[in-house]
Amino acid sequence: MHATPAISTTTQAAPAAAAPGRRVTDAPTRMFHWLFALSFLGAYVTADGESWRLLHVTLGYTMAGLLVFRVLYGLLGPRPAGLGLMWRKLAGAPAWLRSLTQSRSLAGINWRQGQNLLMALAVVALLLMVVPLTLSGYATYNDWGDFLGGDWLEEVHEFFGEAFLFVVLAHLALIAGLSLLRRKNQALPMLTGRIDGKGPDLVQKNRVWLAALLLLAVLAFGAWEWQQSSHGLIPARAWGSSPAAGQAHDDD
């Protein structure tokens, strides 16, 4: 007589404890996101100073390589990771802007669509700006300005670097604002890949193996660049050594 309620309670509690939410972002997309963000952060911090130049350039090349991966994965990967999804969101921008003028009240405006449009616009802008950012950086590093005249290439590179930072900060501000507005951490899906709620996963396969390969490729490229440099990618003083000590070591 007493065993039946206990079994019923256990049965009811099990689904609640076993429900992790719905998977909406796969591992390769999340890995790209964080490697891309860390590469830009590192490149921006090391932009000034000749001693950090090789690390800055390596991180710039890494961003370019990550962009190639994202484009290929967006074209060949699963539909939720496709770039076409963002373009379709942006395609709805004209209709949404018209709704702002045609709506008779603020309540009649689809604000969620507007928020999604801003998010997609920030992501697309970041991906597109990598092209002129890395190309101008490559040209500056190889002294193309000496042949093309003036320091305008370096100025172009700095302009896109600052513009990229501005979009990044706007992107972060939008995520923070939406998190407060919806009372839910909007950055969590890019960490866990999941959102709360019942229903089928939007992403059926997590593809952890591909995320691991992407991480290994980035680390291998960094190690190769380090090996190619006689002094490594990090200045000697960053390890607590003086330049004179490093020079004396080279003379030995």
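Of the contacts in the chain between residues at least 6 apart in sequence, 76% join residues at least 24 apart. The model is a predicted one. The chain contains eleven helices and two strands, and 32% of its 252 residues are buried. The points below treat the overall make-up, three buried positions, one backbone feature and two surface patches.

**Overall make-up**

- Read from the N terminus, the elements follow the order α-β-α-α-α-α-α-α-α-α-β-α-α.
- The chain has an accessible surface of about 16400 Å², and carbon and sulfur atoms account for 66% of that surface.

**Pro28 in helix H2**

- Pro28 belongs to helix H2, which covers residues 27–45.
- Pro28 has a relative accessibility of 0% and therefore counts as buried.
- Apart from residues up to four places away in sequence, Pro28 touches Phe69, Tyr73, Asn206, Arg207, Leu210, Ala211 and Leu214.
- One of these contacts, Asn206, is 178 residues from Pro28 along the chain, yet the C-alpha atoms of the two are separated by 7.9 Å.

**Leu66 in helix H3**

- Leu66 is part of helix H3, the helix made up of residues 53–76.
- The relative accessibility of Leu66 is 2%, so this residue counts as buried.
- When residues up to four places away in sequence are not counted, Leu66 touches Phe32, Leu35, Phe36, Ser39, Leu214 and Val218.
- Leu214 appears among the contacts of Leu66 and also among those of Pro28.
- From C-alpha to C-alpha, Leu66 and Val130 are 9.9 Å apart in space, while 64 residues separate them in sequence.

**Ser179 in helix H8**

- Ser179 is located in helix H8, which spans residues 152–182.
- Ser179 is buried because its relative accessible area is 15%, and the cut-off for buried is under 20%.
- With neighbours within four places in sequence left aside, Ser179 is in contact with Lys184, Asn185 and Gln186.

**Arg207 and its backbone**

- Arg207 sits in the loop that runs between strand S2 (194–195) and helix H10 (208–228).
- Although Arg207 is not a glycine, its phi is positive, at about 55°.
- Most residues other than glycine have a negative phi.
- A relative accessible area of 25% makes Arg207 partly exposed.
- Arg207 is also one of the residues that Pro28 touches.

**Nonpolar surface patch**

- Val68, Val71, Leu72, Leu75 and Leu76 together form a nonpolar patch on the surface.
- The accessible area of these residues comes to about 510 Å² together.
- Val68, a member of this patch, lies in helix H3, the helix that also holds the buried Leu66.

**Negative surface patch**

- A second patch on the surface is negative and consists of Asp48, Asp151, Glu154, Glu155, Glu158 and Glu162.
- Glu155, one of its members, is found in helix H8, residues 152–182.
- Glu155 has a relative accessible area of 54% and is therefore exposed, since the term applies over 50%.
- Helix H8 thus holds both the exposed Glu155 and the buried Ser179.

Terms used. Residues are numbered from 1 along each chain as its sequence is written. This is a predicted model: local features need pLDDT of at least 70, side-chain atom pairs count only at pLDDT 80 or more; totals for chains, interfaces and linings use all residues. Side-chain values use heavy atoms; hydrogens and water are left out. Patches are made of residues with over 30% relative accessible area and no salt bridge: like charges are joined within 9 Å, nonpolar side chains (Val, Leu, Ile, Met, Phe, Trp, Tyr) within 5 Å. Accessible areas come from the Shrake-Rupley method with a 1.4 Å probe; for residues, only the protein chains shown count as cover. A salt bridge is a side-chain nitrogen of Lys or Arg within 4 Å of a carboxyl oxygen of Asp or Glu. Helices (H or I, at least four residues) and strands (E, at least two) are DSSP runs, numbered from the N terminus. Lys and Arg count as positive and Asp and Glu as negative; His and the chain ends are not counted. The place of a charge is taken as NZ of Lys, CZ of Arg, CG of Asp or CD of Glu. Buried means under 20% relative accessible area, exposed over 50%, partly exposed in between (1.4 Å probe, protein chains only). Contact means heavy atoms within 4.5 Å.
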